[in-house]
Amino acid sequence: MATLAAVLLSVILVSGCTLQPADKELKGEERASVLGYASPIAEGILMGFNTGDYVQFSDAFSEQMLQSITEEKLQDMRMDMIPLIGEFRSLGKSTEAYWYTDSTGEYVKVIYSAEFEKEDPVMVSIVFLRDDPDHVVQGLFFSSPKLRNM
């Protein structure tokens, strides 16, 4: 379980993204546009997580994310997390999306209230560079009571 904490911490550090208060909540067309690309990417990541398919899991990752979460680290994450929260079921109905700025740039963070087999909700946050037309994932975070108590 210490492996999971180290992996998630490295994702935070390598991605350059910090969990800061949001600058601006997205609404209307802007929100719909972001969710239009973010939700299929999130689904792919979480389905890849379920099956251990690293290609599917990491398909939209930045180079830094690929270096941080290797195929071996994905398997370690699965061994630590699946006994606690089970497999991913759905992204859920509650979703938030924000623009925010930190010392390394401007980002959009989408937070899904995801349903997992043994815990609902698990907050899954995915971070993108704000103006990246390729929608490359810069950060990935999981949070839930069971995961916090690891």
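Here are legends for a few close-up views of this predicted model.

**Before you look**

Residues are counted from 1 along each chain as its sequence is written, and side-chain values use heavy atoms, with hydrogens and water left out. As this is a predicted model, local features need pLDDT of at least 70 and side-chain atom pairs count only at pLDDT 80 or more, while totals for chains, interfaces and linings use all residues.

**View 1. The whole chain has 6 helices and 6 strands.**
Starting at the N terminus, you meet the elements in the order α-β-α-α-α-α-β-β-β-β-β-α. Helices (H or I, at least four residues) and strands (E, at least two) are DSSP runs, numbered from the N terminus. The protein chain has 150 residues, and 48% of them count as buried; that means under 20% relative accessible area, with exposed being over 50% and partly exposed in between (1.4 Å probe, protein chains only).

**View 2. Helix H2 has a bend in it.**
H2 bends by about 30° at Leu35, the bend being the angle between axes fitted to the seven residues ending there and the seven starting there. How far apart are the end C-alpha atoms of H2? They are 34 Å apart, which agrees with the 34 Å that its 24 residues should span at 1.5 Å a residue; the expected span is 1.5 Å times one less than the number of residues. Just past H2 comes Gly52, with a positive phi of about 80°.

**View 3. Tyr37 and Phe128 meet edge-to-face.**
The whole structure holds 5 aromatic pairs. Rings of Phe, Tyr and Trp (its six-membered ring) pair if their centres lie within 6.5 Å; planes under 30 degrees apart are stacked, over 60 edge-to-face, and the rest tilted. Among those pairs, Tyr37 and Phe128 sit 5.2 Å centre to centre, with 85° between the planes. This pair links distant parts of the chain, 91 residues apart: Tyr37 belongs to helix H2 (residues 28-51) and Phe128 to strand S5 (residues 122-129). Tyr37 is buried at 14% relative accessible area, and Phe128 is buried at 0%.

**View 4. Tyr100 and Tyr107 are stacked.**
Their ring centres lie 5.6 Å apart, with 25° between the planes. Tyr100 is buried at 2% relative accessible area, and Tyr107 is buried too, at 3%. The charged end of Lys109 sits over the ring of Tyr100, 5.6 Å from its centre. To count, NZ of Lys or CZ of Arg must be within 6 Å of the ring centre and within 35 degrees of the ring normal.

**View 5. Arg130 lies over the face of Trp99.**
Here the distance to the ring centre is 4.3 Å.
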